[in-house]
Amino acid sequence: THMKCIFCSCIETSQILAETDHFILVYDINPIQKGHLLIISKQHYENIREVPKQVLVELILLEQQVTEIIETNFDVLGVTVMQNNGRVMDEGTHFHVHIIPRYTDDCFWANQKVKQHELLQEQLSHCLKEQLHPGFQ
(Lines give C-alpha, C1' and ligand atoms only; values in the text may rest on other atoms or scores of the structure.)
Protein backbone atom coordinates (compact mmCIF):
# COMPACT_ATOMS: atom_id res chain seq x y z
CA THR A 1 0.00 0.00 0.00
CA HIS A 2 1.00 3.61 -0.51
CA MET A 3 1.22 4.97 3.03
CA LYS A 4 0.94 8.64 2.00
CA CYS A 5 -2.27 7.84 0.12
CA ILE A 6 -5.40 8.31 2.24
CA PHE A 7 -7.33 5.94 -0.03
CA CYS A 8 -4.77 3.16 0.47
CA SER A 9 -4.25 3.65 4.21
CA CYS A 10 -7.15 5.53 5.82
CA ILE A 11 -10.45 4.10 4.60
CA GLU A 12 -12.19 2.04 7.27
CA THR A 13 -14.22 -1.02 6.32
CA SER A 14 -17.22 0.63 8.00
CA GLN A 15 -17.08 3.52 5.48
CA ILE A 16 -17.46 1.21 2.48
CA LEU A 17 -21.03 1.28 1.13
CA ALA A 18 -20.41 -1.31 -1.60
CA GLU A 19 -17.54 -2.91 -3.46
CA THR A 20 -16.76 -4.71 -6.68
CA ASP A 21 -13.62 -6.63 -7.66
CA HIS A 22 -11.69 -3.42 -8.39
CA PHE A 23 -13.60 -0.58 -6.70
CA ILE A 24 -15.09 0.60 -3.43
CA LEU A 25 -17.95 3.06 -3.01
CA VAL A 26 -17.84 5.60 -0.14
CA TYR A 27 -19.29 8.99 0.77
CA ASP A 28 -17.01 11.94 0.00
CA ILE A 29 -15.65 13.32 3.32
CA ASN A 30 -15.91 16.88 1.96
CA PRO A 31 -19.12 16.68 -0.09
CA ILE A 32 -20.27 19.27 -2.61
CA GLN A 33 -23.83 18.01 -2.02
CA LYS A 34 -25.49 15.50 0.33
CA GLY A 35 -25.13 12.03 -1.18
CA HIS A 36 -21.83 12.94 -2.95
CA LEU A 37 -20.16 9.57 -3.54
CA LEU A 38 -16.68 8.45 -4.54
CA ILE A 39 -15.91 5.34 -6.55
CA ILE A 40 -12.28 4.57 -5.62
CA SER A 41 -10.04 2.01 -7.30
CA LYS A 42 -8.65 -0.65 -4.95
CA GLN A 43 -5.36 -0.50 -6.85
CA HIS A 44 -3.25 2.63 -6.50
CA TYR A 45 -3.57 4.08 -10.00
CA GLU A 46 -2.42 7.70 -10.35
CA ASN A 47 -4.31 8.33 -13.59
CA ILE A 48 -6.99 6.85 -15.86
CA ARG A 49 -4.14 6.25 -18.31
CA GLU A 50 -2.89 3.44 -16.01
CA VAL A 51 -6.23 1.68 -15.53
CA PRO A 52 -6.53 -1.61 -17.50
CA LYS A 53 -9.37 -1.80 -20.04
CA GLN A 54 -11.31 -4.55 -18.24
CA VAL A 55 -11.20 -2.47 -15.03
CA LEU A 56 -12.53 0.56 -16.93
CA VAL A 57 -15.46 -1.54 -18.14
CA GLU A 58 -16.24 -2.47 -14.53
CA LEU A 59 -16.02 1.23 -13.57
CA ILE A 60 -18.44 2.47 -16.22
CA LEU A 61 -20.95 -0.27 -15.38
CA LEU A 62 -20.69 0.65 -11.68
CA GLU A 63 -21.22 4.35 -12.55
CA GLN A 64 -24.28 3.31 -14.56
CA GLN A 65 -25.77 1.34 -11.65
CA VAL A 66 -25.10 4.03 -9.03
CA THR A 67 -26.64 6.66 -11.32
CA GLU A 68 -29.68 4.42 -11.82
CA ILE A 69 -30.10 3.98 -8.04
CA ILE A 70 -29.85 7.71 -7.27
CA GLU A 71 -32.05 8.86 -10.17
CA THR A 72 -34.83 6.31 -9.54
CA ASN A 73 -34.96 6.54 -5.72
CA PHE A 74 -34.50 10.27 -5.12
CA ASP A 75 -36.07 13.46 -6.42
CA VAL A 76 -32.99 14.69 -8.26
CA LEU A 77 -32.49 16.38 -11.61
CA GLY A 78 -29.76 13.80 -12.32
CA VAL A 79 -26.12 13.26 -11.37
CA THR A 80 -22.81 14.76 -12.44
CA VAL A 81 -19.92 12.33 -12.83
CA MET A 82 -16.49 13.97 -12.42
CA GLN A 83 -12.98 12.61 -12.41
CA ASN A 84 -9.61 14.35 -12.12
CA ASN A 85 -6.36 13.11 -13.65
CA GLY A 86 -2.65 13.76 -13.46
CA ARG A 87 -1.43 16.60 -11.30
CA VAL A 88 -4.99 17.94 -10.91
CA MET A 89 -5.70 15.18 -8.39
CA ASP A 90 -5.58 16.03 -4.68
CA GLU A 91 -2.29 15.04 -3.08
CA GLY A 92 -2.58 11.89 -0.99
CA THR A 93 -5.26 10.33 -3.18
CA HIS A 94 -5.39 7.96 -6.14
CA PHE A 95 -7.78 7.26 -9.02
CA HIS A 96 -11.41 7.96 -8.16
CA VAL A 97 -14.67 9.21 -9.65
CA HIS A 98 -17.14 11.64 -8.05
CA ILE A 99 -20.89 11.06 -8.38
CA ILE A 100 -22.80 14.13 -7.29
CA PRO A 101 -26.60 14.38 -7.01
CA ARG A 102 -27.90 17.44 -8.89
CA TYR A 103 -30.91 19.70 -8.45
CA THR A 104 -32.53 22.38 -10.64
CA ASP A 105 -31.52 25.25 -8.35
CA ASP A 106 -28.15 23.95 -7.07
CA CYS A 107 -26.03 26.65 -8.83
CA PHE A 108 -23.44 23.93 -9.55
CA TRP A 109 -21.88 25.57 -12.62
CA ALA A 110 -22.55 29.15 -11.49
CA ASN A 111 -19.78 28.82 -8.89
CA GLN A 112 -17.13 27.75 -11.40
CA LYS A 113 -14.79 30.72 -11.76
CA VAL A 114 -12.05 29.41 -14.03
CA LYS A 115 -9.14 31.52 -15.22
CA GLN A 116 -8.94 30.98 -18.97
CA HIS A 117 -5.72 29.64 -20.52
CA GLU A 118 -4.84 29.52 -24.19
CA LEU A 119 -5.08 26.05 -25.72
CA LEU A 120 -4.53 25.77 -29.44
CA GLN A 121 -7.75 24.08 -30.52
CA GLU A 122 -6.45 23.65 -34.03
CA GLN A 123 -3.56 21.61 -32.61
CA LEU A 124 -5.93 19.63 -30.36
CA SER A 125 -8.20 18.88 -33.34
CA HIS A 126 -5.18 17.67 -35.30
CA CYS A 127 -3.93 15.48 -32.42
CA LEU A 128 -7.37 13.91 -31.99
CA LYS A 129 -7.66 13.24 -35.71
CA GLU A 130 -4.17 11.71 -35.93
CA GLN A 131 -3.90 9.89 -32.59
CA LEU A 132 -7.40 8.81 -31.52
CA HIS A 133 -8.26 5.17 -32.24
CA PRO A 134 -12.05 5.00 -31.91
CA GLY A 135 -12.06 1.24 -32.52
CA PHE A 136 -10.48 0.79 -29.05
CA GLN A 137 -8.50 -2.28 -30.11
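**Exercise 1. Identify the partner with which Asp 106 forms a salt bridge in this predicted model, and state whether that partner is buried or exposed.**

Step 1. In this predicted model, the salt-bridge partner of Asp 106 is Arg 102, and the closest N and O atoms of the pair are 2.6 Å apart.

Step 2. The relative accessibility of Arg 102 is 12%, and because buried means under 20%, Arg 102 counts as buried.

**Exercise 2. State how many salt bridges the structure holds, and work out which parts of the chain are tied together by the one that Glu 19 forms.**

Step 1. The structure holds two salt bridges, and in one of them Glu 19 pairs with Lys 42, with 2.6 Å between the closest N and O atoms.

Step 2. Glu 19 belongs to strand 1 (residues 18–19), whereas Lys 42 sits in the loop between strand 3 and helix 2, so the pair ties together parts that are 23 residues apart in sequence.

Step 3. Glu 19 counts as exposed, at 52% relative accessibility, while Lys 42, with a relative accessible area of 36%, is partly exposed.

**Exercise 3. Describe the order of the elements along the chain, and then examine the span and the buried residues of helix 2.**

Step 1. The chain has three helices and five strands, which from the N terminus on run α-β-β-β-α-β-β-α.

Step 2. Helix 2 covers residues 53–73, and its 21 residues reach 30 Å from the first C-alpha to the last, close to the 30 Å expected at 1.5 Å a residue.

Step 3. The buried residues in helix 2 are Val 55, Glu 58, Leu 59, Leu 62, Glu 63, Val 66, Thr 67 and Ile 70. An α-helix has 3.6 residues a turn, so residues three or four places apart point the same way.

Step 4. These buried residues of helix 2 pack against strand 2 (23–27), strand 3 (37–41), strand 4 (78–82) and strand 5 (96–102).

**Exercise 4. Determine which elements supply the largest nonpolar core, and locate Ile 39 and Phe 7 with respect to the cores.**

Step 1. The largest nonpolar core has 16 residues, and those with the most contacts inside it are Phe 23, Ile 39, Val 66, Ile 70, Phe 95 and Ile 99.

Step 2. Strand 2, strand 3, helix 2 and strand 5 each give two or more residues to this core, and helix 2 gives the most, with five residues.

Step 3. Beyond residues up to four places away in sequence, Ile 39 touches several residues, including Phe 23, Leu 59, Leu 62, Phe 95 and Ile 99.

Step 4. Apart from the largest core lies another, of six residues, among them Phe 7, Ile 24, Leu 38 and Ile 40.

Step 5. Phe 7 is found in helix 1 (residues 6–9) and counts as buried at 13% relative accessibility. Leaving aside neighbours within four places in sequence, Phe 7 is in contact with Leu 38, Ile 40, Gly 92, Thr 93, His 94 and His 96.

**Exercise 5. Name the residues of the nonpolar patch on the surface, and establish whether Leu 132 is buried or exposed.**

Step 1. The patch is formed by Leu 119, Leu 124, Leu 128 and Leu 132, which together have about 380 Å² of accessible area.

Step 2. Leu 132 is found in the segment after helix 3 (121–131), and at 53% relative accessibility Leu 132 counts as exposed.

Step 3. For the chain as a whole, the accessible surface comes to about 10500 Å², of which 53% belongs to carbon and sulfur atoms, and buried residues make up 30% of the 137 residues.

Conventions: Residues are numbered from 1 along each chain as its sequence is written. This is a predicted model: local features need pLDDT of at least 70, side-chain atom pairs count only at pLDDT 80 or more; totals for chains, interfaces and linings use all residues. Side-chain values use heavy atoms; hydrogens and water are left out. Patches are made of residues with over 30% relative accessible area and no salt bridge: like charges are joined within 9 Å, nonpolar side chains (Val, Leu, Ile, Met, Phe, Trp, Tyr) within 5 Å. Accessible areas come from the Shrake-Rupley method with a 1.4 Å probe; for residues, only the protein chains shown count as cover. A salt bridge is a side-chain nitrogen of Lys or Arg within 4 Å of a carboxyl oxygen of Asp or Glu. Helices (H or I, at least four residues) and strands (E, at least two) are DSSP runs, numbered from the N terminus. Buried means under 20% relative accessible area, exposed over 50%, partly exposed in between (1.4 Å probe, protein chains only). The expected span of a helix is 1.5 Å times one less than its number of residues. Contact means heavy atoms within 4.5 Å. A nonpolar core is a set of buried Ala, Val, Leu, Ile, Met, Phe, Trp, Tyr and Cys residues joined through side-chain atoms within 4.5 Å.
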